[in-house]
Amino acid sequence: MITPKDIIGHLHGGRALDVATGSGSFIHFLLEGLPAYTEIIGLDASERAAAAFAKTFADRPAIRFVLGDAMALSFETSSFDLVCIANSLHHFDEPAMVLAQMLRVLRPGGYLLVAEMVCDRQTETQLTHVYLHHWWAAIDSLSGITHHETYQREALVAMVKDLELEGLALYDLADTSEDPKDPAILTQLDPVFERYTQRASGHPELQAWGTKLRERVLTTGFHSATTLIALGSKSHARTE
Ligand SMILES: C[S@@+](CC[C@H](N)C(=O)[O-])C[C@H]1O[C@@H](n2cnc3c(N)ncnc32)[C@H](O)[C@@H]1O
């Protein structure tokens with residue numbers, strides 16, 4: 001199993017930015033993998049995320065939250081050593097614009113990291129996660145939340161290749177070693193099924209889709225889908 005240290009253990013985090021950080025889940029990955037950092041900023045547009053983030057990192061003054069829009073980052077050009085986005089590109093209509101903003105605020109020679117779940121080349125048990133995600137995206141979209149289905153690996157790689165990063169490395173993170181039919185999985189997922197089924201009220205076809213998916217968790221089983229991590233550095237030839 002590839003660890004955060006295998007991926008970012010050779011970097012000094014310096015001043016790092018996690019775009020669309022939510023409650024800061026990906027910052028735990030940074031803390032596990034980076035040998036050192038001076039400051040980590042998590043940026044998100046949600047005030048609810050701000051509260052959850054503040055609670056999680058209350059005892060870490062070098063980790064702070066900034067409320068803002070990933071499509072128009074308010075930071076200076078070339079002001080970060082590491083810029084990341086995790087599990088969020090599919091929450092934007094124009095992901096290339098977010099990546100362009102991330103590249104702008106990254107200093108030449110600094111590292112850009114994209115972590116994103118993919119929907120293809122998955123085992124049957126991982127496909128349960130992919131289909132669940134598609135269902136969540138459909139219900140979120142009903143209430144005006146931008147939430148697309150996750151990308152095919154090739155589309156994601158093409159998007160990152162467009163950034164012309166140097167030394168681009170790709171890692172496919174998947175762990176299918178756990179029991180896919182462990183009853184604890186449904187214990188965790190049931191409140192989620194309940195919440196999304198309620199949110200789909202007035203849409204019987206979406207509710208029926210949820211019932212089928214719950215059945216699939218029981219009969220086929222569940223493993224998390226593969227996360228692709230892309231890491232490369234901004235060319236010194238770039239000023240923006
Ligand atoms: C699925 S969450 C991912 C959170 C976190 N990165 C993680 O790995 O768990 C997607 C996040 O994108 C944020 N988001 C959506 N649109 C945004 C925007 N325009 N600017 C900043 N954040 C945004 C949402 O508020 C949400 O917290």
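Which residues have the most contacts inside the largest nonpolar core? In this predicted model, they are Leu17, Val19, Phe75 and Ile85, and the core that holds them has 32 residues. Several elements give two or more residues to this core: the strands β1 (15-19), β2 (39-44), β4 (80-86), β5 (106-117) and β7 (227-233), together with the helices α4 (95-105) and α6 (153-161). The largest share, five residues, comes from α4. Apart from this core lies another one, made of 24 residues, including Leu34, Leu82, Leu113 and Tyr171.

Phenylalanine 75 offers a good place to look at the packing in detail. Setting aside residues up to four places away in sequence, phenylalanine 75 touches Leu17, Ile41, Leu43, Val66, Phe80, Arg104 and Val105. Leu17, one of these partners, is itself among the residues with the most contacts inside the largest core.

The ligand comes next. Around the ligand stand 15 residues, of which Ala20, Asp44, Asp69, Ala86 and Asn87 come nearest. Three polar approaches can be traced in the model. Aspartate 44 places a polar side-chain atom 2.6 Å from an oxygen atom of the ligand, and asparagine 87 likewise has a polar side-chain atom 2.8 Å from a ligand oxygen. At alanine 70 a backbone atom takes part: a polar one lies 2.9 Å from a nitrogen atom of the ligand. Taken alone, the ligand exposes 600 Å², and the protein buries 74% of that.

Alanine 20, one of the residues that come nearest to the ligand, also has a noteworthy backbone. Its phi is positive, about 55°, although alanine 20 is not a glycine. This residue sits in the loop between β1 and α2 (25-33) and is buried, with a relative accessible area of 17%. A positive phi is found at serine 78 too, where the value is near 55° in a residue other than glycine. Serine 78 belongs to the loop between β3 and β4. With 27% relative accessibility, serine 78 counts as partly exposed.

Charged side chains add another layer to the picture, as the structure holds seven salt bridges. In one of them, arginine 64 and glutamate 39 meet through their side chains at 2.8 Å, N to O. Arginine 64 belongs to strand β3 (residues 63-67) and glutamate 39 to strand β2, so the pair ties together parts that are 25 residues apart in sequence. Arginine 64 counts as partly exposed, at 37% relative accessibility. A network of salt bridges links Arg15, Glu39 and Arg64.

Two further salt bridges involve helix α7 (residues 183-199). Aspartate 140 pairs with arginine 199, and their closest N and O atoms are 2.8 Å apart. This pair links distant parts of the chain, with aspartate 140 in helix α5 (residues 124-142) and arginine 199 in helix α7, 59 residues apart. Is aspartate 140 buried or exposed? Aspartate 140 has a relative accessible area of 6% and is therefore buried, the limit for buried being under 20%. Its partner arginine 199 is partly exposed, at 32%. In the other pair, the side chains of arginine 214 and aspartate 190 meet at 2.7 Å, N to O. Because arginine 214 lies in helix α8 (residues 204-219) and aspartate 190 in helix α7, this bridge ties together parts that are 24 residues apart in sequence. Both partners are partly exposed: arginine 214 has a relative accessible area of 31%, and aspartate 190 one of 24%.

Two buried residues outside the helices and strands complete this tour. Threonine 150 is found in the loop between α5 and α6 and counts as buried, at 6% relative accessibility. Leaving aside neighbours within four places in sequence, threonine 150 is in contact with His90, Met117, Val118, Cys119, His133 and His134. Serine 235 lies in the segment after β7, where it counts as buried at 13% relative accessibility. Beyond its neighbours within four places in sequence, serine 235 is in contact with Pro108, Glu164 and Glu166. With glutamate 166 there is a polar contact between the two side chains, at 3.5 Å.

Methods
Residues numbered from 1 in each chain as written. Predicted model: local features only at pLDDT ≥ 70, side-chain atom pairs only at ≥ 80, totals over all residues. Heavy atoms only, no water. Core = buried A, V, L, I, M, F, W, Y, C linked by side-chain atoms within 4.5 Å. Buried < 20%, exposed > 50% of the residue type's maximum accessible area, 1.4 Å probe, protein only. Helix = DSSP H or I, 4+ residues; strand = E, 2+ residues; numbered from the N terminus. Contact = heavy atoms within 4.5 Å. Near = heavy atom within 4 Å. Polar contact = N/O pair within 3.5 Å; in protein donor to acceptor, adjacent residues only side chain to side chain. Areas by Shrake-Rupley, 256 points an atom, 1.4 Å probe, with all protein chains shown as cover. Salt bridge = Lys/Arg side-chain N within 4 Å of Asp/Glu carboxyl O.
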